[in-house]
Amino acid sequence: RDLSVFGDTLGNVEIIMDNGQRVAKEDAWTYKTAGSINTVAPSSGQAGTVVALTGANLLGYGTKLESVTLVGAEVRQVLYANNTHVGVVANGSTAGAGDIVLTSDAGSTVVLADGTAKNSLPGGLWTYVTPAVILSVNPAVGQIDTKVTIAGTAMLGGGASIVSATLAGVAVSSVSESSDTKVVVVASSSAAKPAGDVVIVADTGATVTKAGSFEYVTAGAIASVTPDRGHGGTRVVIAGTVLRGASSNVTEVTLAGRSATIVSESNTEVVVTAAAGSPGLGDVVLTAITGATV
C-alpha cells in the first residue's frame with residue numbers, strides 16, 4: 001500500500017512477460033487514496049463487544065465489506081458498513097493486541113496504519129482483554145426476587161458495568177451490583193424451568209455465559225392466612241407451599257405492610273405475631289434469606 005498517494009493518480013497498466021515483451025494501456029487505472037480508520041470505540045473488548053469505527057473510504061472503493069478482523073479474529077457479525085461508519089460484534093479470542101483489517105469485495109484492505117485511530121489506541125493496536133469466566137452462581141435455584149450472586153473473573157469484558165442478565169433464559173428484574181469479579185442480580189417471575197444458562201451482558205455488549213447453572217423452581221404460594229384480621233399481638237398462621245422460596249428459611253414477614261415477629265417457619269407453615277398499627281387491609285408477604293418473596 002502506498003500511503004504517499006494523497007489524491008487520485010491516473011496511470012498506465014503495463015504487463016511485462018518473461019521474454020521481456022511489454023503490453024501497455026495508457027491512463028487505464030486510477031490509484032486511489034487509501035481508506036482511513038480514524039476512530040475506534042471501545043479500544044478493547046472480548047466476545048460480544050460492539051466495536052464502532054469511523055473514517056473515510058472504509059469500503060476501500062468496493063461496494064461492501066467481505067470480512068473484518070480484530071487482532072486476526074474474524075468478527076461475529078458486521079452490523080453496518082459504509083464509507084464512513086462500520087459497526088461489528090467481536091468474536092471470542094485469547095487476550096492480545098493487534099490490527100483491525102477491513103477487506104472489501106474488491107479485495108482492497110483498510111487497516112489501522114491508514115488512519116489516525118492508531119494515535120489514540122494503546123500501542124496503536126486494538127486489544128482483546130482476558131476472556132471472562134463465571135466461576136459460580138449462588139444460589140443455583142430460585143424463584144421471583146431471589147438475589148443471585150455471580151462470581152468470576154473479567155466479567156465486565158473491558159466495559160464499565162453489567163447492563164443486563166438472564167437466568168435460564170429469563171431476563172432478571174434488576175442488576176444491583178457489578179464488577180469484574182462479582183455481579184448481583186434479582187430474579188424475575190417465571191414458571192418452573194430446568195437448569196439453564198446464566199448470561200451477563202456488559203455495557204459494551206461483551207457477554208459471558210455459564211451453561212446450565214440456574215434453575216427456576218415452582219414459586220411459593222400462600223394457601224391460607226388464619227385469622228385474616230387482628231391487631232398487635234395476634235398470632236397468625238400462614239399455610240402454603242414452598243413458603244421459603246427455595247431457600248433455607250424465611251427471614252421477614254409483613255402483614256398489611258407492617259413487620260411481624262416470626263415465631264416459627266417451614267416450607268408449609270409460618271407462624272407470626274402481628275405488630276401494633278392503625279387499621280388497614282393489605283398483603284401478606286414472606287421474604288426468604290435469598291430475597292425470594294411469597
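Let me begin at the surface, where Ile15, Met17 and Val23 form a nonpolar patch with about 250 Å² of accessible area together; please keep in mind throughout that what we are looking at is a predicted model. Within that patch, Met17 is found in the loop between strand 1, residues 9-16, and strand 2, residues 22-31. Is Met17 buried or exposed? With a relative accessible area of 36%, Met17 counts as partly exposed, because the term covers values between 20% and 50%.

Let me move along the chain to a hairpin. Strand 8, which covers residues 77-81, and strand 9, which covers residues 85-89, pair in the antiparallel sense over 4 bridges, and the hairpin that these two strands form has 3 residues between them. If you would like a pair to locate on the screen, take Gln77, whose bridge partner in strand 9 is Val89.

The last part concerns an open sheet of 4 strands, in which the pairing is antiparallel and the order reads 14-16-20-19. Which strands stand at the edges? They are strand 14, residues 133-138, and strand 19, residues 174-178, and each has a single partner strand, so one side of each is left without a neighbour in the sheet. On average, and with direction ignored, neighbouring strands of this sheet are turned by 20 degrees against each other.

Staying with that sheet, strand 16, residues 147-153, pairs with strand 20, residues 182-186, in the antiparallel sense over 5 bridges. Here the residue to look for is Ile150, which stands opposite Val183 in strand 20.

Notes. Residues are numbered from 1 along each chain as its sequence is written. This is a predicted model: local features need pLDDT of at least 70, side-chain atom pairs count only at pLDDT 80 or more; totals for chains, interfaces and linings use all residues. Side-chain values use heavy atoms; hydrogens and water are left out. Two strands pair if DSSP finds at least two bridges between them. Axes are lines fitted to C-alpha atoms, for helices over the stretch in contact, and angles run from 0 to 180 degrees between N-to-C directions. Patches are made of residues with over 30% relative accessible area and no salt bridge: like charges are joined within 9 Å, nonpolar side chains (Val, Leu, Ile, Met, Phe, Trp, Tyr) within 5 Å. Accessible areas come from the Shrake-Rupley method with a 1.4 Å probe; for residues, only the protein chains shown count as cover. A salt bridge is a side-chain nitrogen of Lys or Arg within 4 Å of a carboxyl oxygen of Asp or Glu. Buried means under 20% relative accessible area, exposed over 50%, partly exposed in between (1.4 Å probe, protein chains only).
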